[in-house]
Amino acid sequence: MIVGVGIDLAEVARYRFDESKLAWFARKIYTEREMSYAMRKRNWPERLAGFFAAKEATRKAFGHAIPWRWIGVTHARSGKPAIELRERAASLMETRGVRTVHLSITHTTSVAAAVVILES
Ligand SMILES: CC(C)(COP(=O)(O)OP(=O)(O)OC[C@H]1O[C@@H](n2cnc3c(N)ncnc32)[C@H](O)[C@@H]1OP(=O)(O)O)[C@@H](O)C(=O)NCCC(=O)NCCS
């Protein structure tokens, strides 16, 4: 059964960080895995925008704030993205009766979007 849904859009231009902003976001917002995935790509601002949209969509699906770095985006070998709930957010799966978190991300040069569906 679907027990939550969230959607978010992120404007890519806001994620074309300079060096100091990139360092700040890498410390406060993104996980090490997200940073190393994105920074290997030529269009890394699109990737960072997509991950930010995924974090916001996850918050919306659960219906409350969750610290940014407690929500991580990982990828299967196929490239399919997934949400990893980290640290204290990991317990949300059990307390909210969520068995699977589904994530889809898309991005263009100007905008990124993510949809999250929670399944019990
Ligand atoms: C997966 C695919 C459909 C992406 O489409 P696209 O129009 O090139 O790119 P979009 O901007 O819409 O989407 C890119 C995002 O798709 C997601 N994605 C990549 N591979 C995926 C997969 N196998 N399944 C689901 N989502 C995938 C990722 O989140 C990626 O963004 P990220 O790497 O920054 O996280 C395309 O690369 C493709 O056809 N790949 C080969 C076949 C395949 O694996 N198909 C699976 C889905 S049918």
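Trainee: Which residue takes a positive phi in the hairpin of β2 and β3?
Mentor: First, this is a predicted model, where local features need pLDDT of at least 70, side-chain atom pairs count only at pLDDT 80 or more, and totals for chains, interfaces and linings use all residues. Residues are numbered from 1 along each chain as its sequence is written. Strands are DSSP runs of E with at least two residues and helices are runs of H or I with at least four, numbered from the N terminus. This hairpin has 5 residues between its strands, and the phi near 100° belongs to Gly79.

Trainee: What is the bridge partner of Val73 in β3?
Mentor: Two strands pair if DSSP finds at least two bridges between them. Here 5 bridges join β2 (residues 71-75) to β3 (residues 81-85), and the two run antiparallel. Across from Val73 in β3 is Ile83.

Trainee: Which element supplies the largest share of the shell around the ligand?
Mentor: A residue is near a molecule if its C-beta atom, placed from the backbone, lies within 6 Å of it. Around the ligand we find Arg47, Gly50, Ser78, Gly79, Lys80, Pro81, Ile105, Thr106 and His107. Both α3 (44-62) and β4 (100-107) give at least two residues each. The largest share, 3 residues, comes from β4.

Trainee: How many residues of that shell are polar?
Mentor: Ala, Val, Leu, Ile, Met, Phe, Trp, Tyr, Cys and Pro count as nonpolar, Asp, Glu, Lys and Arg as charged, and the others, Gly among them, as polar. By that sorting the shell has 2 nonpolar and 2 charged residues, and the number of polar ones is 5.

Trainee: How many of the residues of α3 are buried?
Mentor: A residue is buried if 20 or more other C-beta atoms, placed from the backbone, lie within 10 Å of its own, exposed if 12 or fewer, and partly exposed in between. The helix α3 is largely enclosed by the rest of the structure. Of its 19 residues, the buried ones number 15.

Trainee: How far apart are the end C-alpha atoms of α3?
Mentor: The expected span of a helix is 1.5 Å times one less than its number of residues. For the 19 residues of α3 this gives 27 Å. The model agrees, because the end C-alpha atoms are apart by 27 Å.

Trainee: Which residue with a positive phi follows α3?
Mentor: Look at the position that comes just after the helix α3. Its phi is near 85°, and the residue is Gly63.

Trainee: Which element gives the largest share of the largest nonpolar core?
Mentor: A nonpolar core is a set of buried Ala, Val, Leu, Ile, Met, Phe, Trp, Tyr and Cys residues joined through C-beta atoms within 7 Å. The largest one has 23 residues, and Ala53, Ala54 and Val116 have the most contacts inside it. The elements α3, β2, β4 and β5 (111-119) each give two or more residues to this core. The largest share, 9 residues, comes from α3.

Trainee: How far apart in space are Gly6 and Ala57?
Mentor: Gly6 sits in strand β1 (residues 2-11), and is buried, with 21 other C-beta atoms within 10 Å. Two residues are in contact if their C-beta atoms, placed from the backbone, lie within 7 Å. Leaving aside neighbours within four places in sequence, the contacts of Gly6 include Ala57, Thr58 and Val116. Gly6 and Ala57 are 51 residues apart in sequence, yet their C-alpha to C-alpha distance is 4.3 Å.

Trainee: Is Ser110 buried or exposed?
Mentor: Ser110 lies in the loop between β4 and β5. Outside its neighbours within four places in sequence, Ser110 is in contact with Glu11 and Val12. With 10 other C-beta atoms within 10 Å, Ser110 counts as exposed.

Trainee: What is the phi of Glu87?
Mentor: Glu87 is in the loop between β3 and α4 (92-95). Glu87 is exposed, with 12 C-beta neighbours inside 10 Å. Although Glu87 is not a glycine, its phi is positive, about 50°.
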